[in-house]
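User: Please take a close look at a single part of this model and explain what can be said about it. I should then like to see how that part compares with other places in the chain and with the fold as a whole.

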Amino acid sequence: MALPEQTATFDRTFAGRTPRSRDLFKQAEVVLPGGVNSTARTRHVGWEPYPLFAAGGEGPYLFDVDGNTYLDYLLGLGPLMLGHRPAAVIEAVIETVRKLGTVHALPYELEQQVARKFLDAVPTAEAVRFTNTGSEAVGSAVRLARAATGRRKLLRFEGHYHGWQDTVYWSNKPRPELGGPPDAPRAVAAGPGVPRELADTLIICPWNDPDAVERAFAREGDDIAALLTEPVMCNTGCILPAPGYLQFLREITRRHGALLIFDEVITGFRLALGGAQGYYGVQPDLSTFAKALGGGFPVAALAGTWPVMELIADGRYSHSGTYNANVIAMAAVNATLDLLRVPGTYDRLHAVGERLMAGLRERFAAAGIPVQVQGVGPVFQVWFADRPIGSWRDADAFARTGSFRVFWEEMVLRDVLFHPNQFENLFISTAHTEKHVEATLAALDGALPIVKRRLAMT
Ligand code: PMP
């Protein structure tokens, strides 16, 4: 959507508040491709005219290098479950590293204590291996599923993101003309450099469409090693599973001898202490965790039932990594889980998020701007659309991404921060309270008349 004059006004005002970010970005572009270190921070995914440069944070607030303080719903894209700089976690990491160092290439006692704590929190998992990033954990889960079943194909869904490894870097947001029929999509590599032959190992289905999954299993069920899904689709805005859908995926995979893998990199330790699997009451064979698990420190986990994890135990499957379960990661998980398992934590988190979602709905409705606020308390998105969004094709066809951008611009100027892309999420941390929700809604009250005026001009 073209908004030339309004965007020029925004650019001037934004530049007026953030001159140092602009200068730093110019300098960064000389040495870092795109001026950043991950695609989600680039201009072309929405950080126009340049990303803000962070100077720090405290609880629910992020500070930029120009002295602005934002109520933060970006939250590092999920890891800051406890808000910025959670003192207990940071102290625990510093103290443990002082005592134990960082890596040993040997086992140590803390990692099994943390594993027990993890498994107490996620009772649907029976064993766990720690690693460093979500992409690593998902890559391992997929290969392990193939090793365990002796089968080749992976069934996964259009619009989901499972990290950047070749085996899964497909069909995240394919252009519809490349993606084929909506009810039987083709595998589309998410970027160049991915071997085309891997398309043949993938079956892509639309999400929340049991019939498509039924058809895939009827056609080639004997060849399907695993079905991989985000239990809540958080990589196309936020789309909840239809009631009974995850149970259906459990049942059909079991019926065909395929493994069910939940990619809980976002939902793990966010929806509930036991992840989406606990929240929805579905036990996958394998699941992957990252983000919220480490309270802001880099760590990930591959968890599963013993019949599958046994392959790692007996050496048939090699799960390796120099930095797996390093001291920094284990100390962070140890302290984070202590905080997350305090009774009432998730009730409060959900209550705060639901209050914000309700406030957003009320205010947009009163302003006569049609939006769909979709998600659960701890993670959601405001879709600028006239109808609920249930899949990537819905998102592509019905979401008004330019309108979302206008909303983002007016909120960031009022010190409320989230990702500028309609297809990302807003995150809540345990540091967010009713008070912060009220402040956010007050900012929205200031923004809405201008958002409305700007949208009327388009
Ligand atoms: N799976 C999901 C569901 C994710 O959202 C992400 C990252 N956003 C990944 C995997 C990859 O995780 P990482 O960025 O830690 O490699």
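**A close look at one loop**

Analyst: Ala325 is buried, because its relative accessible area of 7% falls under the 20% cut-off for that class. The model is a predicted one, and every value below is computed from it. Ala325 sits in the loop between α10 and α11, where α10 covers residues 306-313 and α11 covers residues 327-340. Its backbone deserves attention, since phi of Ala325 is near 55°, a positive value in a residue other than glycine. Most residues other than glycine have a negative phi.

The loop between α10 and α11 also holds Thr322. Thr322 has a relative accessibility of 66% and therefore counts as exposed, whereas Ala325 is buried. The C-alpha atoms of Thr322 and Glu434 are 43 Å apart, with their positions 112 residues apart along the chain.

A second buried residue with a positive phi is Ser171, whose phi is near 50°. Ser171 belongs to the loop between β5 and α6 (176-179), and its relative accessible area of 1% makes it buried. Another backbone feature is the cis peptide bond from Glu48 to Pro49, with omega near 0°. Pro49 lies in the loop between α2 (19-31) and β1 (54-58). Most peptide bonds are trans.

Gly296 offers a further loop for comparison, between β9 (286-289) and β10 (300-304). With 38% relative accessible area, Gly296 is partly exposed. Beyond its neighbours within four places in sequence, Gly296 makes contact with Pro79 and Leu80. Its C-alpha atom lies 19 Å from that of Val122, a residue 174 positions away along the chain.

A helix gives a useful contrast to these loops. Thr253 lies in helix α8 (residues 245-255) and is buried, with a relative accessible area of 0%. Apart from neighbours within four places in sequence, Thr253 is in contact with Phe217, Leu227, Ala258, Leu259 and Leu260. The buried residues of α8 also include Tyr245, Leu246, Phe248, Leu249, Arg250 and Ile252. An α-helix has 3.6 residues a turn, so residues three or four places apart point the same way. The buried residues of α8 pack against β5 (153-157), α7 (210-220), β7 (224-229), β8 (259-264) and α9 (275-280). Just after α8, Gly257 takes a positive phi of about 70°.

These parts belong to a protein with 15 helices and 14 strands. Its radius of gyration is 22 Å, close to the 23 Å given by the globule rule for 458 residues, so it is as compact as a globular protein of that length. Buried residues make up 58% of the 458 residues. Of the contacts with a separation of 6 or more, 70% join residues 24 or more positions apart.

The chain is divided into domain 1 (4-85 + 344-457) and domain 2 (87-340). The contact between them takes 33 residues from domain 1 and 38 residues from domain 2, and their centres, taken over C-alpha atoms, are separated by 27 Å.

Notes:
Residues are numbered from 1 along each chain as its sequence is written. This is a predicted model: local features need pLDDT of at least 70, side-chain atom pairs count only at pLDDT 80 or more; totals for chains, interfaces and linings use all residues. Side-chain values use heavy atoms; hydrogens and water are left out. Helices (H or I, at least four residues) and strands (E, at least two) are DSSP runs, numbered from the N terminus. The radius of gyration is taken over C-alpha atoms; the globule rule is 2.2 Å times the number of residues to the power 0.38. Buried means under 20% relative accessible area, exposed over 50%, partly exposed in between (1.4 Å probe, protein chains only). Contact means heavy atoms within 4.5 Å. Domain bounds come from an automatic or database domain assignment.
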